[in-house]
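Open the structure in your viewer and keep the selection tool at hand. Each stop on this tour says what to select and what is there.

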Amino acid sequence: MALGQPILPLEVRDLMVEIGGRRVLDRVSLTIAGQGTTVVLGPNGAGKSVLLRTLHGLVKPVAGEMRWNGRPFGPDVLSRQALVFQRPLLLRRSVVGNLVFALRPRGLARGERQRRLAAILARFALEALADRPARGLSGGEQQRVALARALVLEPELLLLDEPTASLDPAATLVIEDLLRRTAAEGTHLLLVTHDVAQARRLADRVIFLHGGRVLEEAPASVFFTRPATREAFLCLAGELPT
Amino acid sequence: MDELTTAFVGAAALILGADPALLEIVALSLLVSLSAVTIAALLGLPLGAVLAALRFPGRRVMIVAVNALMGLPPVVVGLFIYLLLSNSGPLGALGLLYTPSAMVIAQTVLVMPIVVALAHELLSSLHEEYDELFRSLGLRPAAVLATLLWEGRFGLVTVLLAGFGRAIAEVGAVMIVGGNIAHLTRVMTTAIALETAKGEIAQALALGLVLLVLAFTVNLLVALFRQAAMRLAYG
């Protein structure tokens with residue numbers, strides 16, 4: 001594991017974010033603790049991605065508080081997180097080159113770097129693709145590399161922004177399977193999605209976001225069987241038949 | 001038409017005969033313009049990356065200025081460098097006027113804005129795409145600049161070609177600061193201007209054709225190199 005203090009539990013109090021004068025997050029309060037998968041669910045435009053980016057330091061809140069195990073956000077907190085974007089955002093180099101690129105700012109010893117690379121390539125079944133140009137891979141393979149690039153950092157908290165939104169069902173299943181294993185190995189996942197079916201498959205806890213506000217924060221079993229708000233009920237009821 | 005035919009025959013004779021006077025002029029043209037492009041690349045590509053990736057006061061003004069300078073008239077640049085390098089000028093003591101070095105300086109000044117402006121344009125879109133990833137991974141500014149230049153390498157080759165095109169085709173600046181001295185500062189374009197002035201239209205046209213072939217060959221070689229590199233190196 002990386003050096004430094006754990007960053008969980010995370011306590012967020014009355015977080016406000018404005019973008020271009022528009023309030024995108026409105027007095028958001030939530031807690032993320034322990035292990036497992038927390039899904040941030042909500043319709044398009046609810047502020048899910050902005051919430052994720054704010055927790056990652058990419059967006060500055062105008063008010064409110066984030067306490068990472070008691071500390072404010074800073075480089076040490078960032079270094080214990082990793083973010084997987086909706087698009088893979090791979091660089092024009094080999095698969096292993098992309099992984100090395102992510103590790104380089106961490107300044108690890110050469111031996112440790114090699115150990116992590118070998119481990120992640122094996123775990124993600126990427127050995128055969130290691131020397132292939134990353135941007136020549138299929139969409140599903142590229143997102144698998146993007147996930148490997150995040151996990152080679154051995155984060156305590158993995159943030160995922162609709163990571164399967166542009167993938168076909170088969171590729172989605174591969175990614176979800178890897179996510180389940182990652183969560184089981186002790187990394188906390190914070191997954192943003194508007195896909196209710198995916199939330200059902202992966203969530204241990206659900207944070208339901210609507211119009212920039214947290215309307216519900218509940219264990220998955222409770223949220224999916226007895227949603228407490230009309231908005232959540234409609235969101236679940238509006239689920240497309242599978 | 002008759003002159004055109006004579007020109008083609010003359011050009012063929014010059015090229016096939018490997019006329020030593022021609023070779024000398026071609027070599028100097030290439031040396032001066034490639035030197036200018038190299039210097040402009042070493043200075044201009046990093047500057048383009050800085051303008052694309054970093055936010056600092058004066059950045060917008062610099063971008064506007066660089067874009068405007070792309071249209072610098074070569075004659076004006078030549079005159080300006082002439083004043084700097086002439087005996088009574090601030091850099092007169094260096095004794096560079098009417099030397100190939102002066103020509104390199106003038107062409108570097110002409111090529112720099114093109115390299116900076118086009119590199120900025122190209123790297124800005126790359127930076128927009130990767131900015132959040134770089135911040136997520138905690139990259140330092142120097143690493144961001146290096147990464148942008150490396151990711152943009154194939155497009156930047158085209159940027160340098162545009163700069164080379166400007167340099168090799170330019171006549172006004174090298175004429176003023178070089179003086180078109182035979183065996184010393186005579187390049188393709190100044191030789192063409194001279195032959196035209198003398199009324200040797202066919203000879204001028206022949207040299208013009210050689211210049212076209214030269215520019216075309218350089219572009220072709222770079223294009224082939226770029227294609228091969230992209231295939232090999234993860235385009």
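How exposed is Glu217(A), in terms of its relative accessible area? Select Glu217(A): its relative accessible area is 33%, so it counts as partly exposed. Bear in mind throughout that this is a predicted model.

**Stop 1: a salt bridge between two strands**

Keep Glu217(A) selected and add Arg205(A). The two form a salt bridge, with the closest N and O atoms 2.9 Å apart. The pair links distant parts of the chain: Arg205(A) sits in strand 8 of chain A, residues 205–210, and Glu217(A) in strand 9 of chain A, residues 213–219. They are 12 residues apart. Arg205(A) is partly exposed too, with a relative accessible area of 25%.

**Stop 2: more salt bridges**

How many salt bridges does the structure hold over all chains? There are 23.

Select Glu185(A) and Arg123(A). Their side chains meet in a salt bridge, 3.0 Å from N to O. This pair also links distant parts of the chain, 62 residues apart. Glu185(A) lies in the loop between helix 6 (169–184) and strand 7 (188–193) of chain A. Arg123(A) lies in helix 4 of chain A, residues 110–123. Now color by accessibility. Glu185(A) counts as exposed, at 52% relative accessibility. Arg123(A) counts as partly exposed, at 25%.

Next, select helix 6 of chain A and pick out Arg180(A) and Glu176(A). Both lie in this helix, 4 residues apart, which is about one turn of the helix. Their side chains meet in a salt bridge, 3.9 Å from N to O. Is Glu176(A) buried or exposed? Glu176(A) is buried, with a relative accessible area of 0%. Its partner Arg180(A) is partly exposed, at 39%.

Finish this stop with a group. Select Glu18(A), Arg23(A), Asp26(A), Arg27(A) and Arg213(A). A network of salt bridges links them.

**Stop 3: a sheet in chain A**

Select strands 1, 2 and 4 of chain A. They make an open sheet of 3 strands in the order 2-1-4, with antiparallel pairing. Why is one side of strand 2 and of strand 4 left without a neighbour in the sheet? Strand 2 (22–32) and strand 4 (63–68) stand at the edges, and each has a single partner strand, so one side of each has no neighbour there. Neighbouring strands of this sheet are turned by 25° against each other on average, direction ignored.

Zoom in on strand 1 of chain A, residues 10–19. It pairs with strand 2 of chain A in the antiparallel sense, over 7 bridges. Find Leu15(A): it stands opposite Val28(A) in strand 2 of chain A. Now add helix 1 of chain A, residues 48–55. This helix packs on the sheet and touches strand 1, strand 2 and strand 4 of chain A. Its direction makes about 115° with that of strand 1 of chain A.

**Stop 4: a buried leucine**

Select Leu158(A), in strand 6 of chain A, residues 157–161. Leu158(A) is buried, with a relative accessible area of 0%. Show what it touches. Among the residues it contacts are Ala82(A), Val84(A), Leu147(A), Leu179(A) and Leu190(A). Then draw a line from Leu158(A) to Leu58(A). They are 100 residues apart in sequence and 15 Å apart in space, C-alpha to C-alpha.

**Stop 5: the helices of chain B**

Switch to chain B. It has 10 helices and 0 strands. Its C-alpha trace spans about 65 × 50 × 30 Å along its principal axes. Buried residues make up 41% of its 235 residues.

Select helix 2 (20–53) and helix 5 (residues 100–136) of chain B. Their axes come within 6 Å and cross at roughly 35°. The crossing of helix 2 past helix 5 is right-handed. The residues of this contact divide into 23 nonpolar, 9 polar and no charged.

Last, select helix 9 of chain B, residues 188–198. Its buried residues include Met188(B), Ala191(B), Ile192(B) and Glu195(B). What covers them includes helix 2, helix 7, helix 8 and helix 10 of chain B. Step just past the end of helix 9 to Gly199(B), which takes a positive phi of about 85°.

Definitions and conventions: Residues are numbered from 1 along each chain as its sequence is written. Chains are lettered from A and ligands numbered from 1 in the order in which they are written. This is a predicted model: local features need pLDDT of at least 70, side-chain atom pairs count only at pLDDT 80 or more; totals for chains, interfaces and linings use all residues. Side-chain values use heavy atoms; hydrogens and water are left out. Buried means under 20% relative accessible area, exposed over 50%, partly exposed in between (1.4 Å probe, protein chains only). Contact means heavy atoms within 4.5 Å. Axes are lines fitted to C-alpha atoms, for helices over the stretch in contact, and angles run from 0 to 180 degrees between N-to-C directions. A crossing is left-handed if the near helix is turned anticlockwise from the far one by less than a right angle, and right-handed if clockwise. Ala, Val, Leu, Ile, Met, Phe, Trp, Tyr, Cys and Pro count as nonpolar, Asp, Glu, Lys and Arg as charged, and the others, Gly among them, as polar. Two strands pair if DSSP finds at least two bridges between them. A salt bridge is a side-chain nitrogen of Lys or Arg within 4 Å of a carboxyl oxygen of Asp or Glu. Lists of a residue's contacts leave out its neighbours within four places in sequence.
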